[in-house]
Structure formats: structure tokens, C-alpha cells
Amino acid sequence: MMVRITINGQMLFVQRHTPVLQAAARQGIVIPTLCYHEALKPYGSCRLCLVEAHRNGRPRLVTSCNYPAEDGLVVFTDTERVKSARKTALELLLARCPNVPQIQRLAQKMGIKTSRFYKKQDERCILCGLCVRACEEMVGAGAIGFAGRGIEKHVNTPFGLQSDACIGCGSCTYICPTGCIEMVGEPGPSAHRKIRISDPDLPPCGQEHRCETCTTNQQFIEEMKEVIRKVRQVP
Amino acid sequence: MPRFSSISELEDYRRSILAKQDPKTKVIRLCDTGCRAKGSPRVADAVEACLNEHGLNGRVTIKRTGCQGFCQIGPVMVIEPDNILYQKIGPQDVPEIISETVLDGNVVDRLLYKDPETGTKILKEADIPFYGHQTKIVSKKTGRIDPADIEDYIAEGGYSALAKALGTMSPMEVIETVEASGLRGRGGGGFPTGKKWRSCRDAPGMVKYVIANGDEGDPGAFMDRSLMEGDPHSILEGMMIGAYAIGAREGFIYVRDEYHIAVKHLSLAIEQAESLGLLGKNILSTGFDFTVQINRGAGAFVCGESTALMNSLEGKVGEPRAKYVHTVESGLWDRPSALNNVETWANVPLIIERGAQWYQDLGTDRSKGTKIFSLVGKVRNTGLVEVPMGVPLRSIIFDIGGGIKKDRAFKAVQTGGPSGGCIPAHKLDVPVDYDNLKQLGAIMGSGGMIVMDERNCMVDTAKYFIHFLMYESCGKCVPCREGLKQMHEILTNICEGRGKKGDLDLLESLARFMVDASLCGLGGTAPNPVLSTIHYFRDEYRAHIVDKKCPAGVCRNLFEYVIAEDRCNGCTLCRLKCPEDAISGEKKKPHVIDAKKCVRCGICYNLCKQEAVVIR
Ligand SMILES: Cc1cc2nc3c(=O)[nH]c(=O)nc-3n(C[C@H](O)[C@H](O)[C@H](O)COP(=O)(O)O)c2cc1C
Ligand code: SF4
Ligand code: SF4
Ligand code: FES
């Protein structure tokens with residue numbers, strides 16, 4: 001079903017439940033994101049893609065990456081409230097990860113020089129969950145996941161042990177925007193990887209990458225590399 | 001046990017149970033849940049042994065019940081039909097109780113409850129002010145019936161609401177009744193239950209679910225626990241009626257695993273209801289099918305949040321997900337799901353049985369019925385209390401709670417669990433309902449009520465709750481995870497004397513952002529303790545930040561203990577007890593504390609009978 005929505009005053013028709021982020025992109029409206037990836041289910045954790053949505057009643061801040069278009073929806077992507085919320089979110093991330101280039105770049109773009117918050121941290125992982133989702137949704141391995149909660153949340157293999165589920169495809173390494181999951185040694189069939197934040201080793205593939213799963217995934221990895229290159233804006 | 005194949009068979013069975021009962025039979029009610037911590041199983045064993053000894057088996061019944069509410073005086077025993085209440089009993093008191101009270105009808109005076117205000121002994125449970133000021137409706141059967149015995153529940157009128165709904169009402173009529181009653185969710189948000197059910201019924205889909213939320217993660221809260229332990233059938237019956245109304249055939253009860261007794265009693269209840277034909281296929285030959293399953297959670301606070309709970313039920317990580325499409329349309333396994341708190345479910349049979357109008361008459365304009373609170377903290381009487389909506393806080397804290405311990409001054413009451421707010425003394429006369437609490441910057445939450453006195457520091461209190469939330473947030477979204485970490489940092493700085501100008505502004509701006517931008521209700525309400533304490537106790541924050549003083553004497557870097565010369569009678573008690581040898585002085589002469597040696601443990605402060613140790 002097609003529905004009519006309005007973004008920043010421009011009216012458009014989209015399929016019902018299209019995420020607002022995608023609808024906006026179609027109009028050439030750019031919304032910053034960190035945890036969104038077009039090949040993965042939206043997760044809604046970084047809150048950078050916040051926009052103001054008006055639908056029966058008071059305007060609300062919602063995340064555009066997973067906010068579904070409904071008929072009559074009115075969205076503003078650039079109000080003061082939106083800008084201030086995005087800025088605070090980024091300041092918090094900057095305090096957490098002052099040395100992550102991806103965050104620094106975004107901060108620069110948004111005109112943030114320093115964070116108002118306590119800064120004596122130096123994390124690399126922004127907990128965007130891209131690696132976890134890529135491993136589960138695309139590779140189908142589900143070898144890594146989030147462990148702990150609250151301020152102890154981190155990416156890890158189950159119980160921090162070497163994971164049998166890992167097929168050594170390297171998708172997590174490719175998709176991670178901050179370089180948290182490292183390839184140790186040469187990438188390739190016997191690649192040896194480490195998750196930097198929690199330091200468990202991910203073992204090399206026992207099948208030397210010869211089974212069906214991997215062949216199917218080779219194509220995907222090539223595409224993924226391309227996407228990552230774009231995300232990281234590496235020429 | 002029979003298996004009912006019609007409504008009339010259920011009613012016949014009820015009549016036959018009641019006919020067997022002799023109103024003159026003595027029944028000993030003993031709490032076997034909360035009071036276990038104080039040794040009630042040993043008391044129960046002693047009672048059984050004693051009854052055996054006297055050959056009273058069968059003539060006197062002992063009933064191991066759920067929580068009777070007045071936990072402070074446990075283990076509690078009530079002897080019916082005379083309604084005599086004995087408090088703080090041990091196994092050694094049992095022989096005397098049996099021979100004196102049960103056999104001879106005499107009262108054992110020393111075990112009676114003594115009113116701390118008047119000093120008089122009170123004989124009957126109903127005359128004790130703690131109970132007298134309550135209106136027990138939902139928690140009425142808890143503490144009266146044996147939760148492990150479905151007969152007891154049926155004897156008290158149990159499952160008659162189900163019979164009424166299935167036999168005489170259409171699903172739509174059930175929904176209309178619940179809507180008209182004005183029942184709102186007891187799990188926190190206060191969402192109108194009937195409206196939720198209607199949306200769920202209207203949502204497209206063949207398979208729908210009803211879910212009971214028994215996660216209850218708020219520290220200090222145990223009302224849901226007490227219902228699940230003490231009256232599990234009420235919850236089941238409510239779920240059955242809800243399922244009938246919505247068109248669901250499957251139900252789930254999500255309980256934290258550490259609630260062993262709740263899990264046990266709920267499982268028993270399901271088993272017994274199944275064997276009687278109250279759960280399963282074609283219930284009471286009405287064509288209604290319904291089964292219930294228990295899921296045990298690992299106890300994360302955030303798993304009480306609706307979508308995190310559903311993720312957890314699905315076997316995923318207990319993280320909330322976006323609710324832009326409501327769970328009544330797409331909930332558990334993306335199917336329409338009606339999730340309600342266990343207390344909400346327990347209200348349902350009462351409403352169906354007695355009608356919407358009866359329920360309407362209880363409570364305030366926009367909050368109907370009663371609410372169970374767990375009253376804890378610095379009040380004299382702690383325990384579970386049930387009052388109609390609209391009762392002023394003052395009445396709960398002073399009439400039922402008996403006022404503040406040691407007659408200290410009331411400072412604030414924290415309602416609504418960790419993400420609730422602190423309400424100060426000058427708001428004590430506000431009638432308690434969803435909207436008033438919200439307006440005061442607090443929330444109803446699931447009904448926690450923590451009373452604080454003049455010796456509680458509000459900055460420290462805020463820090464405590466933020467600390468709790470910081471570890472209990474799921475950590476998924478930036479505002480909540482990073483925001484709580486920063487809030488905790490700022491509050492710690494303030495409490496340790498490193499507060500600076502601008503901290504309050506930063507806290508408030510961060511709080512606004514978290515409310516605006518968090519994914520779920522945890523992050524969205526987490527700033528409440530900070531915002532409400534800043535709002536009502538700004539001076540106390542200022543004292544910490546500007547004067548580097550903690551007026552309540554809690555933040556150790558920010559105060560000193562000194563002995564007021566004119567009050568000290570030189571009893572030497574403090575000097576002998578001080579672990580740091582920081583106090584000196586001769587007998588009968590004023591003592592002195594050496595501030596350099598003092599570690600501010602507070603021993604002398606709490607010990608001194610002259611209240612000569614003061615905070616500076
Ligand atoms: C962080 C958080 C924790 C919650 N914990 C509980 C809980 O322990 N028990 C509960 O019934 N509701 C809890 N809720 C509320 C539920 O999300 C949900 O609104 C409620 O169970 C719906 O039932 P009701 O309409 O009967 O209140 C919590 C909400 C949040 C945001
Ligand atoms: S390791 Fe990388 S991809 Fe995974 S959550 Fe952290 S920052 Fe995101
Ligand atoms: S608000 Fe907190 S608990 Fe809720 S999703 Fe975000 S991090 Fe998790
Ligand atoms: S991109 Fe939408 S929340 Fe991260």
C-alpha cells in the first residue's frame with residue numbers, strides 16, 4: 001500500500017512502513033547514521049538518525065532508520081530539537097571513543113569541538129552491533145553476540161571462548177566501522193582474528209574455507225568490502 | 001479431582017466444598033512465603049507436630065498461606081474464626097498457642113501486637129491500624145488461602161468470573177466491561193487495559209498471545225511476587241478471561257527465576273487448573289481453548305520492559321526493540337500480544353464478577369480501583385499495603401506505615417522504583433494516582449514506596465538509583481548507556497566534593513536528552529530520580545557543590561561529626577565503641593572527636609543516647 005508522507009515540507013508517496021531514513025534518502029535528504037546498514041535489519045542504537053515525527057498529537061523524536069512510514073506522517077529532519085539531540089549523542093560517543101576516526105569525523109561535520117562530558121575513556125567499540133548482525137543475518141553463523149549489559153556491554157563470543165560457530169569469513173572485521181575486530185595475520189583462508197575489546201581469539205576456519213557456506217559468502221564479502229569502503233569514506 | 005465439562009459442574013463443586021466446611025473449625029493461617037526468611041517453616045512444622053500430639057488433626061486446620069502483608073512483625077499467625085493475630089512467633093511459642101488459644105480459647109498476651117503509638121495490645125488482625133486503614137481487594141485472598149490448593153481458591157469464589165465471562169458474556173462485552181471499569185496497567189505506565197485489549201482483538205492475525213509480566217525488577221518491591229506466591233489462580237483466571245476477550249489461545253507468564261516459590265505455586269496452579277479442565281481444550285464445553293506456559297527469566301531489570309520481555313521469551317537477548325508498531329499488533333514472534341502486569345491480571349476477575357460500576361466507584365477520576373504498594377524504608381511498619389487510588393501519601397506513610405522510625409522528620413518518599421521520583425514533605429497530601437504522581441515528577445511504577453528521613457542525602461539517593469540503572473540498562477542505545485554513565489560520574493563528583501558550577505545545568509540538559517532520545521522506557525525515565533531531587537532539593541545540591549557540605553551527613557568527604565558539649569554527659573559509650581580511637585574524654589566530662597582520625601563510620605552518631613553527636 002502506498003502512503004503519503006511529508007519530509008521537511010516535501011510531499012512524497014512511499015510504500016507503507018518504508019523506514020523514514022530511506023524515504024528521506026530518496027529526496028536527497030541526508031541523515032547521519034552509525035548503526036544503520038542497508039543490508040541489515042535496523043537496530044536503533046546510536047540515535048544519530050533522530051528526526052522529529054508528527055503523527056496524531058505531540059511531535060516526538062524517533063529514529064528514522066526504523067520508523068515506519070504511515071499515511072499522513074509529517075517529518076522534520078533538521079529542527080533545533082533534532083540537532084541538539086544528535087549533538088548530545090555524538091558528544092557522549094566522543095567522550096567514550098575520543099580516538100575513533102569515524103566519530104571524530106562526524107563530530108567535525110557537526111561542528112563539535114569538544115565534549116561536555118567526562119572524557120577519561122578510550123573505547124574503540126561504539127556498540128553499533130553491525131558485526132553481530134552481519135554475523136547472524138548475512139553469514140548465518142551467529143558466532144559473536146553482545147555480552148553483559150549496561151556499561152558492561154561488549155561484543156564477545158559465547159563465554160569468551162573460541163567459537164565453533166565462526167566460519168572465519170571475516171565479515172565482522174569488514175563491517176566494523178571502528179576497526180575493533182582485528183585480523184591477526186594475513187587475511188585469507190587461515191585468517192586469525194581477534195576481537196580487540198574483549199580479546200578472545202576467533203579461530204581460523206577448520207574447513208580451509210572450502211565448504212558451501214563460504215563460497216556463497218565470498219560474493220557477499222566482496223560486496224561488503226565495497227560498502228565498507230563507502231562507509232569509511234576511504235578513497 | 002473431577003474434571004468439569006460444564007459451568008454448572010464447577011458451581012456444584014464449589015457448593016460441595018463449601019458444604020464440607022464448618023465455620024466453627026479453627027483455622028491457623030501462617031505465612032509460608034515472605035516469613036520463611038524469619039523461620040516460619042519451623043513454626044509450621046511445630047504446629048503440625050503439636051496438632052498431632054493433641055490428636056487435633058482434621059479438627060484444626062493449618063493453612064500455609066502467602067504473604068499477609070505486615071512483614072515487619074513476621075512470622076505472623078492468625079487464628080480463625082476469632083481473627084486473633086500473633087506476631088513474631090517462633091516454634092517455642094507453638095505449644096502454648098495450641099493449648100491456650102486453640103484448645104481453651106485463652107489469649108497469649110505476650111504474642112499480641114502492641115500499638116506503638118498508644119501502647120495497647122490489639123487482639124484482632126482487623127483492628128490493627130496497619131490493616132484497618134487498607135482496602136484489600138486484589139490482595140485479599142493472598143494470606144488467606146492456601147495457594148497450593150485450587151479448592152481453597154474455588155471456595156472463595158474463584159473461577160466464577162471465568163464462568164460468568166464464558167457463559168454469559170461475549171468477548172466484546174468483556175472488553176467493554178474492562179474498558180468501562182477504567183482499569184489501568186499496574187506495571188508502570190498506567191495504560192488503559194481495556195483499550196489495549198481492544199486493539200489486540202482488532203489487530204489482524206489468527207494467532208494472538210496474552211502475557212503476564214511477573215519480572216518485578218525494582219529493588220525493594222515484592223507485590224507481584226506476593227500475588228504470584230499467594231494467589232496464583234487469580235492471575236491465571238484473569239489471563240483466561242483476557243485470552244477469551246482477545247481471541248488468544250496461548251498465554252505466557254514471565255517470572256524471574258529467583259522467585260522460586262512463585263514459580264512453584266504458579267506451576268502447581270496451572271497443573272491443577274488443567275486437571276480440572278479449566279485450562280486446555282474446550283474449557284467448560286464452551287469451545288474456548290487456552291493453555292499457559294511459565295517462562296523463567298534470569299532477572300535483568302530491563303527484561304520487565306515489554307519488548308525486552310518478548311525478546312527474552314523468544315530466546316533472544318533481553319534488549320528492548322522499537323515500539324513504533326505497537327506490541328498489540330506485532331509483539332511476541334511478531335504476533336498481536338497483550339502484555340499485562342500480574343497485578344493487572346489479578347484485577348480482572350474481580351471486575352468481571354462485580355461489574356464495571358463497582359470498580360468505577362473506587363479510586364479517583366482517572367485512576368480506578370486499588371493499588372498494592374510495597375512500603376519500605378524508614379517507616380515503622382513495613383510491608384505490603386493495598387489502598388484505593390486517591391489516598392494521600394500521608395495516610396499511607398503515617399496511618400498505615402505508622403510514621404517515621406525513631407520519630408525523625410520525614411524527608412521524602414521515592415515512588416515508582418529506580419526510575420521513579422522523590423516526593424518531598426510539602427506534597428504529602430497529594431492523592432496518589434497515576435496522573436498526580438507523574439505531575440510531581442515521580443511515577444506510579446509498579447508500586448514501590450521507599451520512605452526517607454532527615455538522615456538521607458538526596459544527592460546520594462539520586463546517585464544510588466542512577467548506579468542501579470547504569471548496570472541494569474541493557475546498554476543498547478547511546479542516551480541511556482552513555483548518559484547514565486555520565487550522570488553517575490557527575491553525581492559521584494558532587495558527592496565526593498568535586499562538584500562544580502554548571503554541573504546542575506549539565507545534569508538537566510543530559511536528562512532532557514535522555515528523555516527525548518532513549519529507545520525504551522528505561523532510558524526515558526531514568527533521569528527521574530535526578531530531576532525530581534534537583535527540583536525539590538536544589539539547596540541540598542548547592543550545599544554539596546558550593547559549600548562542600550552534606551547537610552544530611554551521608555557523603556563522607558563533606559561533613560564532620562562533632563560532640564555538642566552541652567548535650568554530652570560523658571557516658572563514654574562512644575569513646576569505647578569508636579573503631580578508630582578518634583574520641584577522647586573523661587568520664588562525666590564532655591568528649592571530643594578528633595576530626596583527623598575520624599573515618600565517619602557513624603557508629604557514635606547512631607549510638608549516642610543524648611544525640612550529642614552532631615553533623616557539621
Ligand atoms: C525498564 C522497565 C522495566 C519494567 N519492569 C516491569 C516489571 O517488572 N513488571 C511489569 O509488570 N512491568 C514492567 N514494566 C512495564 C512494562 O513495560 C509494561 O508496560 C507493562 O508490563 C504492561 O502491563 P500493564 O499495562 O498491565 O501495566 C517495565 C518498564 C520498563 C521501561
Ligand atoms: S565491534 Fe565494531 S561493528 Fe561490532 S559493535 Fe563494536 S564498533 Fe560496532
Ligand atoms: S533506553 Fe536503556 S534499556 Fe532501553 S534500549 Fe536504550 S540502553 Fe537499553
Ligand atoms: S542509525 Fe538509526 S539509531 Fe543508529
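Let me start with the shell around ligand 1, to which strand β11 of chain B gives the most, with 3 residues. This is a predicted model, so please take what follows in that light. Strand β11 covers residues 337-341, and together with helix α20, residues 521-525 of chain B, it belongs to the elements that each supply at least two residues of that shell. Altogether 19 residues surround ligand 1, and the closest are B:Gly187, B:Glu216, B:Asn340, B:Asn341 and B:Thr344. If we sort the shell by class, we find 11 polar residues and 5 charged ones, alongside 3 that are nonpolar.

Which polar atoms of the protein lie close enough to the oxygen atoms of ligand 1 to be listed as contacts? In the side chain of B:Asn340, a polar atom lies 2.9 Å from an oxygen atom of the ligand, and in the side chain of B:Asn213, an N or O atom is 3.0 Å from a ligand oxygen. The backbone takes part as well, since a polar backbone atom of B:Arg186 is found 3.3 Å from an oxygen atom of ligand 1. As for cover, ligand 1 taken alone exposes 610 Å², and the protein buries 88% of that.

Ligand 2 has its surroundings in chain A, and there the shell divides into 10 nonpolar residues and 2 polar ones, with no charged residue. Among the residues around ligand 2 are the cysteines A:Cys125, A:Cys128, A:Cys131, A:Cys176 and A:Cys180, and the list also includes A:Ile126, A:Leu127, A:Val155 and A:Pro177.

While we are on chain A, its secondary structure comes to 6 helices and 10 strands. The chain has 235 residues, of which 49% count as buried, and its accessible surface comes to about 11600 Å², with 50% of that belonging to carbon and sulfur atoms. When we take the contacts in chain A between residues at least 6 apart in sequence, 52% of them join residues at least 24 apart.

Now to the cysteines more generally: how many disulfides does a search of the whole structure find? The search finds 0 over all chains. Take B:Cys303, whose sulfur is 9.1 Å from the closest cysteine sulfur, in B:Cys474, and is therefore too far away for a bond. B:Cys578 is likewise in no disulfide, with the nearest cysteine sulfur, that of B:Cys601, 6.1 Å away. Is each of these two residues buried or exposed? B:Cys303 is buried, with a relative accessible area of 8%, and B:Cys578 is buried too, with a relative accessible area of 15%.

B:Cys303 also leads us to B:Asp215, which sits in the loop between β7 (209-214) and α9 (223-230) of chain B. B:Asp215 has a relative accessible area of 1%, which means that this residue counts as buried, the limit being under 20%. Leaving aside neighbours within four places in sequence, B:Asp215 is in contact with B:Tyr254, B:Arg256, B:Ala300, B:Phe301, B:Cys303 and B:Gly304.

Finally, I would like to turn to helix α6 of chain B, residues 160-168, whose buried residues are B:Ser160, B:Ala161, B:Leu162, B:Ala163, B:Ala165 and B:Leu166. What covers them? The cover over the buried residues of this helix includes the chain B helices α1 (7-20), α7 (171-181), α10 (232-246) and α13 (342-354), together with the strands β9 (280-283) and β10 (288-297).

Note on methods
Residues are numbered from 1 along each chain as its sequence is written. Chains are lettered from A and ligands numbered from 1 in the order in which they are written. This is a predicted model: local features need pLDDT of at least 70, side-chain atom pairs count only at pLDDT 80 or more; totals for chains, interfaces and linings use all residues. Side-chain values use heavy atoms; hydrogens and water are left out. A residue is near a molecule or strand if one of its heavy atoms lies within 4 Å of it. A polar contact is a pair of N or O atoms within 3.5 Å; within protein, one must be able to donate a hydrogen and the other to accept it, and residues adjacent in sequence count only if both atoms are side-chain atoms. Accessible areas come from the Shrake-Rupley method with a 1.4 Å probe; for residues, only the protein chains shown count as cover. Helices (H or I, at least four residues) and strands (E, at least two) are DSSP runs, numbered from the N terminus. Ala, Val, Leu, Ile, Met, Phe, Trp, Tyr, Cys and Pro count as nonpolar, Asp, Glu, Lys and Arg as charged, and the others, Gly among them, as polar. Buried means under 20% relative accessible area, exposed over 50%, partly exposed in between (1.4 Å probe, protein chains only). Contact means heavy atoms within 4.5 Å. A disulfide is a pair of cysteine sulfur atoms within 2.5 Å.
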